[in-house]
Amino acid sequence: MRFLTAGESHGPQLTAIIEGLPSQLPLGKDDIDPWLRKRQGGYGRGRRMVIETDEAQILSGVRAGRTTGAPVTLVIANKDHRNWTEIMSPEPGNEPRKKALTDARPGHADLAGGIKYRHKDLRDVLERASARETAARVAVGSIALKLLSELGVQGANHVVSLGGIEAQSTFDWNALEAIEDSDLRTADADAAARMRERIDQAKKDGDTLGGILEVRFRGLPVGLGSHVHSDRKLDGRIAGAVMSVQAMKGVEIGHAFEQARTPGSRVHDAVYYQGGTYARESNRAGGLEAGMTNGEELIVRVAMKPIATLMTPLPTVNVVTHEASDAARERSDTTAVPAAGIVLQTVVGWVLADAMLEKFGGDTLGELQERLKAAQQYARDY
């Protein structure tokens, strides 16, 4: 599978085209729009989430509620575009246009992107670099999650830490509903209360907060990915996908950074043969060994930096005059950590769905399911 997204933060729409989906996959707006709504939620979000009410239009590749095997086209309208029509117009005009950005914002793509693409109006950089682009990737990833669900795979995400406050409760699939209903996507009510207070204070201070998120998947077969070539290793592909999401600065499989300080005897998972099948009593590897899924639950942990747009701006330089200035301010969230979990779950889901099709193939959902079932039986009999 492959996909391509296009569109700017204040342009008329975001567009995504997906190629390689099997036919006969049940698919409709109800499989996509709830994920878009979840992405817009979470305590600490800004005013843009009030302006936009994201929903996807399916323009190709789906008929009568099922994929046809042809490319799927998705469109998400930017309602705020009506306020930016002249500014974002593709028609030739004098530069710089209204609302030109010439004060490079620290922590953003502005300065490096301006130098790379030779823009003095840095809006030409920020409009595409904006995390608004993740709405298109969530729409794409939601379809991957739908495919995985048809293959018996379930995913989840939750907040491990926010603003330095740690959630003490360990993840429990039985508590998933409580996590999803929480405006901070954590089942730790005590930590959530302190996180809200921390967010409120940061907002008063004109500051922003980052955190650590965890994405999990269960029901994965043994052998997704490969050990034979570096670019086929699943952990590398997952790491690349999550690190491509705006503001993500670190990734680990399981508790890798903690394990780096721990003796190997307390890191690796012993293997047993019980009741005619292979088993492990621990999952310290986080579901991946040597670039392949090992049948255990996949655990991916990601560090998100605080959002770079600060209401109390940092010093910078104007790229036209080269004079000292304060960084430009547009709408910003105090934190987007809870929402980022949605983005990361859909992004990892895409990688896993792609690995499923790579291993098992099939032009239709039925073929894919049959081949997966046969492989799972072989793993049980091995």
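## A walk from two binding-site residues to the whole fold

A polar contact (a pair of N or O atoms within 3.5 Å, one able to donate a hydrogen and the other to accept it) of 2.9 Å links the side chains of R128 and T5. This is a predicted model, in which local features need pLDDT of at least 70 and side-chain atom pairs count only at pLDDT 80 or more, while totals for chains, interfaces and linings use all residues. Residues are numbered from 1 along each chain as its sequence is written, and side-chain values use heavy atoms, leaving out hydrogens and water.

Let's stay with R128 for a moment. Its home is helix α4, residues 123-129 (helices are DSSP runs of H or I, at least four residues). Beyond its neighbours within four places in sequence, R128 has contacts (heavy atoms within 4.5 Å) with T5, A6, G7, E8 and E133. R128 counts as partly exposed because its relative accessibility is 32%, between the limits for buried (under 20%) and exposed (over 50%), with a 1.4 Å probe and protein chains only.

Now turn to P306, found in the loop between β15 (298-304) and β16 (315-317), where strands are DSSP runs of E with at least two residues. P306 is also partly exposed, at 38%. Leaving aside neighbours within four places in sequence, P306 touches T208, L209 and G210.

What links the two? The "binding site" annotation in an unreviewed UniProt entry covers residues including R128 and P306; such annotations may be inferred rather than shown by experiment.

Stepping back, the protein has eleven helices and 17 strands. Buried residues make up 47% of its 382 residues.
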